[in-house]
Amino acid sequence: MNGNMFSLEGKIALVTGASYGIGFAIASAMNAAGATIVFNDISQDKVDMGLKAYADKGIKAHGYVCDVTKEDQVQAMVKKIEEEVGVIDILVNNAGIIKRIPMVEMTAEQFRQVVDVDLNAPFIVSKAVIPSMIKKGHGKIINICSMMSELGRETVSAYAAAKGGLKMLTKNIASEYGEYNIQCNGIGPGYIATPQTAPLREKQPDGSMHPFDSFIRAKTPAGRWGEAEDLGGPAVFLASDASNFVNGHILYVDGGILAYIGKQPS
Ligand code: NAP
Ligand code: GCO
């Protein structure tokens with residue numbers, strides 16, 4: 001361990017789905033701590049957009065086109081990364097989707113699509129990187145969970161089921177591979193202002209706030225939505241030597257939502 005236990009100098013971090021949003025913010029924070037950044041997205045256009053966004057921040061990132069739900073693509077991507085960049089020290093399973101549909105109106109195929117990206121893919125990508133982490137003698141896996149790993153709400157049945165499963169996959173990877181000096185933890189973001197939650201923050205036709213916007217501000221002690229950048233520090237902590245004895249933990253970065261019953265009526 002070098003002098004600074006939070007340093008990621010000399011480490012290679014793969015952040016999935018990180019052309020923008022939370023993944024981009026986490027990758028940027030890890031780069032600021034010294035990590036080499038590797039990311040993927042589904043299309044070359046999005047990878048190119050991401051590479052430009054990183055370059056605009058002075059970050060020389062490595063981008064790969066890969067659908068994380070496809071095991072053959074993931075295995076090929078990891079092999080290519082190891083040949084072109086090096087063995088992955090840090091994996092952030094960030095790629096994710098949501099479909100907000102009342103459960104009885106959701107098709108089984110729509111349910112499967114959400115679970116495929118939000119739960120099956122973290123399994124596929126973790127399975128692809130763990131063997132090299134074992135050989136290297138260390139590894140960090142960070143799964144991006146959610147408030148919905150703990151709570152339900154209307155219209156997000158598939159997402160909550162997937163994120164609840166991702167919490168338990170996190171604990172199981174921690175249990176199964178801890179003996180190889182691999183730590184697997186989760187980050188549970190609160191409500192963060194990204195494209196994924198944009199529909200929940202749209203101004204109403206009369207210019208008023210979206211009801212969900214007001215709801216979340218009342219449920220958050222800080223009275224605000226989180227910013228993707230709020231997740232950078234916690235991610236660096238879980239990727240660094242500072243967390244070498246933290247394993248199987250879900251770190252909620254939610255501004256206190258889970259601790260708070262909600263603003264009482266004035
Ligand atoms: P976002 O803005 O929708 O970005 C999601 C990213 O994942 C995009 O880059 C997307 O690529 C990529 N992706 C989706 N499916 C993929 C696949 N099959 N293969 C590869 N990449 C794929 O979402 P976000 O808000 O940044 O959220 C990132 C993660 O945090 C997700 O796991 C989400 O569930 C979780 N989260 C978000 C919040 C929040 O409030 N925003 C809170 C808690 C947890 P394309 O653009 O090409 O589709
Ligand atoms: C929703 C939101 C949430 C956030 C996040 C909260 O529709 O409820 O999209 O699910 O994305 O997961 O932690």
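Where is the place of Leu8? That opens the first exercise, but a quick note on ground rules comes before the solution. This is a predicted model, where local features need pLDDT of at least 70, side-chain atom pairs count only at pLDDT 80 or more, and totals for chains, interfaces and linings use all residues. Residues are numbered from 1 along each chain as its sequence is written, chains are lettered from A and ligands numbered from 1 in the order in which they are written, and side-chain values use heavy atoms, with hydrogens and water left out.

**Exercise 1. Place Leu8 and Ile12, and find a partner across the chain for each.**

Step 1: Leu8 belongs to the segment before β1. Strands here are DSSP runs of E with at least two residues, helices are runs of H or I with at least four, and both are numbered from the N terminus.

Step 2: check the burial of Leu8. Its relative accessible area is 0%, so Leu8 is buried. The cut-offs are under 20% for buried, over 50% for exposed and partly exposed in between, with a 1.4 Å probe and protein chains only.

Step 3: look along the chain to Ala33. Leu8 and Ala33 are 25 residues apart, yet 5.2 Å separates their C-alpha atoms.

Step 4: move on to Ile12, which sits in strand β1 (residues 12-16). Ile12 is buried too, because its relative accessibility is 10%. Its C-alpha atom is 7.3 Å from that of Val38, with the two positions 26 residues apart along the chain.

**Exercise 2. Work out how far Val115 is from Lys135.**

Step 1: find Val115 in helix α4 (residues 108-136).

Step 2: take the C-alpha atoms of Val115 and Lys135. They are 30 Å apart in space for 20 residues in sequence.

Step 3: check accessibility. Val115 has 16%, so this residue counts as buried.

**Exercise 3. Describe the surroundings of ligand 1.**

Step 1: gather the residues with a heavy atom within 4 Å of the ligand. There are 29 of them around ligand 1, and Tyr20, Asp41, Asn94, Tyr159 and Thr194 are the closest.

Step 2: sort that shell by class. You get 15 nonpolar, 10 polar and 4 charged residues. Here Ala, Val, Leu, Ile, Met, Phe, Trp, Tyr, Cys and Pro count as nonpolar, Asp, Glu, Lys and Arg as charged, and the others, Gly among them, as polar.

Step 3: list polar contacts (N or O pairs within 3.5 Å). The side chain of Asp67 puts a polar atom 2.9 Å from a nitrogen of ligand 1. On the backbone side, a polar atom of Gly17 is 3.2 Å from a ligand oxygen, and one of Ile192 is 2.8 Å from an oxygen of ligand 1.

Step 4: ask about cover. On its own, ligand 1 has 890 Å² of accessible area, and the protein covers 92% of that. These areas use the Shrake-Rupley method with a 1.4 Å probe.

Step 5: see which elements give two or more residues to the shell around ligand 1. They are α1 (21-32), β2 (36-41) and α5 (157-177).

**Exercise 4. Do the same for ligand 2.**

Step 1: count the shell. Ligand 2 has 14 residues around it, with Arg100, Ser146, Arg153, Tyr159 and Gln196 coming nearest. By class they split into 8 nonpolar, 4 polar and 2 charged.

Step 2: go through the contacts to ligand oxygen atoms. Arg153 has a polar side-chain atom at 2.6 Å, Tyr159 a side-chain N or O atom at 2.7 Å, and Pro189 a polar backbone atom at 2.8 Å.

Step 3: finish with cover. Of the 330 Å² that ligand 2 has accessible on its own, 97% is covered by the protein.

**Exercise 5. Compare the settings of Thr155, Asn181 and Asn185.**

Step 1: Thr155 lies in the loop between β5 (139-144) and α5. Its phi is near 75 degrees, a positive value in a residue other than glycine. With 26% relative accessibility, Thr155 is partly exposed.

Step 2: Asn181 is in the loop between α5 and β6. Phi is near 65 degrees for Asn181, again positive in a non-glycine residue. Asn181 is partly exposed at 35%.

Step 3: Asn185 is in strand β6 (residues 182-189). Its relative accessible area is 1%, so Asn185 is buried. The Asn185 side chain comes 2.8 Å from the backbone nitrogen of His249.

Definitions and conventions:
Polar contact = N/O pair within 3.5 Å; in protein donor to acceptor, adjacent residues only side chain to side chain.
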